[in-house]
Amino acid sequence: MFYLQGGFAISDEMCVNYVHYYPKMNLEVCKSSIDTKVLGSYFRYMKQYNDEATSESKGVDENYHSIHWSQANADFLHHLYYNAPLSMQCNQSSGDRFPGFWNGVPRTEILYPLPPPKRRCANTMSAGKSFNDVEADEEEE
């Protein structure tokens, strides 16, 4: 199973959002990731209960590479990322961090979620339809 490690290097996956706000303040950048303690607990769990080769002495990237990525392990990590608290880092224009405690920040509740994207192959394939049949059905709609 392929995965792309997130991070700040040009070769890493990253998402960028621009926010326009008023009045002006000394905000330069905010970054968020899964809470470091929660991720460490995940790697310990994977070692203890899944017999994976993760270790507290390894870095995050090496621990990810130590896991056999079955669908169950990928689903478990997805669930963790979706529900875990965040670690935030917000810097002022000077480069100094904003004061305050920014680890263990709860996720923002989404009141009006977007509908999930439509999948072309969801249940129609199991019903014995071919891809061409699915396309024909969509054209008729």
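Which residues does phenylalanine 43 touch, not counting residues up to four places away in sequence? I started my notebook there. The model is predicted. I found that phenylalanine 43 touches Thr54, Val60, Asn63, Tyr64 and Ile67.

**Entry: the core.** I followed phenylalanine 43 into the largest nonpolar core, which has 11 residues. Tyr64 and Ile67 belong to this core too. I listed the other members as Ile34, Leu39, Tyr42, Met46, Trp69, Leu77, Leu80 and Ala84. I then asked which helices supply at least two residues each. They are helix 1 (36-50) and helix 3 (71-83). The largest share, 4 residues, comes from helix 1. I noted the general background: in soluble globular proteins, nonpolar side chains tend to be buried together.

**Entry: the whole chain.** I stepped back to the fold. I counted 4 helices and 3 strands in the protein chain. From the N terminus on, I read the order as β-α-α-α-β-β-α. The chain has 141 residues, of which 16% count as buried. I looked up the accessible surface as well: it comes to about 11700 Å². Carbon and sulfur atoms hold 55% of that surface. Among contacts with a separation of 6 or more, 50% join residues 24 or more positions apart.

**Entry: the strands.** I checked how strand 1 (residues 27-34) and strand 2 (residues 86-92) pair. They are antiparallel, with 7 bridges. Isoleucine 34 stands opposite leucine 86 in strand 2. I had already met Ile34 as a member of the core. Strand 2 also joins strand 3 (residues 103-105), through 2 bridges. This pair runs antiparallel as well. Here I found serine 87 opposite asparagine 103 in strand 3.

**Entry: lysine 37.** Asparagine 103 led me to helix 1, where lysine 37 is found. How far apart are the C-alpha atoms of lysine 37 and asparagine 103? I read 9.0 Å, with the two positions 66 residues apart along the chain. Is lysine 37 buried or exposed? It counts as exposed, because its relative accessibility is 69% and the cut-off for exposed is over 50%.

**Entry: a surface patch.** I looked for nonpolar side chains on the surface. Val19, Tyr21 and Met25 make a nonpolar patch of about 310 Å². I placed methionine 25 in the segment before strand 1. Why does methionine 25 count as partly exposed? Its relative accessibility is 43%, and partly exposed lies between the 20% and 50% limits.

Notes:
Residues numbered from 1 in each chain as written. Predicted model: local features only at pLDDT ≥ 70, side-chain atom pairs only at ≥ 80, totals over all residues. Heavy atoms only, no water. Pairing = 2+ DSSP bridges. Patch = residues over 30% accessible without salt bridge, like charges linked within 9 Å, V, L, I, M, F, W, Y side chains within 5 Å. Areas by Shrake-Rupley, 256 points an atom, 1.4 Å probe, with all protein chains shown as cover. Salt bridge = Lys/Arg side-chain N within 4 Å of Asp/Glu carboxyl O. Buried < 20%, exposed > 50% of the residue type's maximum accessible area, 1.4 Å probe, protein only. Core = buried A, V, L, I, M, F, W, Y, C linked by side-chain atoms within 4.5 Å. Contact = heavy atoms within 4.5 Å.
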